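Hi,

Here is the structure I said I would pass on to you. Have a look at it first, then read my notes underneath.

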Protein chains: 2
Amino acid sequence: MKIQVFVTLKNGVLDPQGKAIHHALEGLGFAGVNDVRAGKLIELDLADDVADETVEDMCRKLLANTVIENFRIVRPETAA
Amino acid sequence: MKIQVFVTLKNGVLDPQGKAIHHALEGLGFAGVNDVRAGKLIELDLADDVADETVEDMCRKLLANTVIENFRIVRPETAA
């Protein structure tokens with residue numbers, strides 16, 4: 001079972017990586033970029049008996065720093 | 001217009017960050033983890049007149065290293 005975890009910085013938290021990407025896009029001549037935010041995508045290949053709560057536990061304990069980051073878990077049924 | 005770009009390592013490319021996460025999850029006592037791959041999520045806030053081809057150009061020129069990485073562009077209509 002493949003699960004995707006999206007980790008993004010909370011609103012209001014400074015994002016130097018995003019700023020750098022924004023700056024570089026402008027330097028390359030791309031117009032119309034208002035804002036860039038950088039985050040992480042973690043793909044977990046899990047055994048089928050791993051519960052949803054366990055995945056959430058993984059996020060809270062390791063994958064995301066919940067003080068400054070939000071996380072979103074996407075299961076295969078709902079994956080884009 | 002908010003667009004999400006997912007950048008993931010191609011199959012076969014070593015992923016030390018994913019390996020480290022996998023190892024750490026096991027160290028925390030989580031069982032049933034078969035594999036972990038780490039990638040990037042870049043959220044672009046673009047002007048409405050930016051064309052799809054321009055976004056793809058941004059990915060090829062800056063956001064992804066297409067030798068070792070794949071990228072996927074998700075528009076708001078199709079966002080998960």
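Below is what I found, starting with the place where the chains meet and ending with one residue inside chain B.

First, a caution: this is a predicted model, so please read everything here as computed.

**Where the chains meet**

How many residues does each chain bring to the contact? Chain A puts in 36 residues, and chain B puts in 36 residues too. People often describe how big an interface is by the accessible area that is lost when the parts come together. Here, chain A and chain B bury about 2,900 Å² between them, and 67% of that is on carbon and sulfur atoms. On the polar side, there are 10 residue pairs in polar contact between chain B and chain A, counting pairs with both residues at pLDDT 80 or more. If you go looking for salt bridges across this interface, the rule finds 0.

Now take the side of chain B that touches chain A. The elements giving two or more residues to that side are strand S1 (2-9), helix H1 (16-27), strand S2 (33-46) and helix H2 (52-63) of chain B. Which of them gives the most? That is S2(B), with 14 residues. Sorted by type, the residues on this side of chain B come out as 20 nonpolar, 8 polar and 8 charged.

**The strands**

S2(B) also pairs with a strand from the other chain: strand S2 of chain A (residues 33-46) runs antiparallel to S2(B), over 13 bridges. To find this pairing on your screen, try A:Lys40, whose bridge partner in S2(B) is B:Lys40. Another spot to check is A:Ile42, which has B:Ala38 as its bridge partner in S2(B).

Within chain A, strand S1 (residues 2-9) pairs with S2(A), again in the antiparallel sense, over 6 bridges. There you can see A:Gln4 standing opposite A:Glu43 of S2(A).

**One residue to look at: B:Val55**

B:Val55 sits in helix H2 of chain B. Is B:Val55 buried or exposed? It counts as buried because its relative accessible area is 1%, and the cut-off for buried is under 20%.

What does B:Val55 touch, once you leave aside its neighbours within four places in sequence? Its contacts are B:Ile3, B:Leu44, B:Leu46, B:Val50, B:Ile73 and B:Arg75. Take B:Ile3 from that list: B:Ile3 and B:Val55 are 52 residues apart along the chain, yet their C-alpha atoms are separated by 8.9 Å.

Happy browsing!

How values were computed: Residues are numbered from 1 along each chain as its sequence is written. Chains are lettered from A and ligands numbered from 1 in the order in which they are written. This is a predicted model: local features need pLDDT of at least 70, side-chain atom pairs count only at pLDDT 80 or more; totals for chains, interfaces and linings use all residues. Side-chain values use heavy atoms; hydrogens and water are left out. Contact means heavy atoms within 4.5 Å. Buried area is the accessible area (1.4 Å probe) that two parts lose on being put together, summed over both. A salt bridge is a side-chain nitrogen of Lys or Arg within 4 Å of a carboxyl oxygen of Asp or Glu. A polar contact is a pair of N or O atoms within 3.5 Å; within protein, one must be able to donate a hydrogen and the other to accept it, and residues adjacent in sequence count only if both atoms are side-chain atoms. Helices (H or I, at least four residues) and strands (E, at least two) are DSSP runs, numbered from the N terminus. Ala, Val, Leu, Ile, Met, Phe, Trp, Tyr, Cys and Pro count as nonpolar, Asp, Glu, Lys and Arg as charged, and the others, Gly among them, as polar. Two strands pair if DSSP finds at least two bridges between them. Buried means under 20% relative accessible area, exposed over 50%, partly exposed in between (1.4 Å probe, protein chains only).
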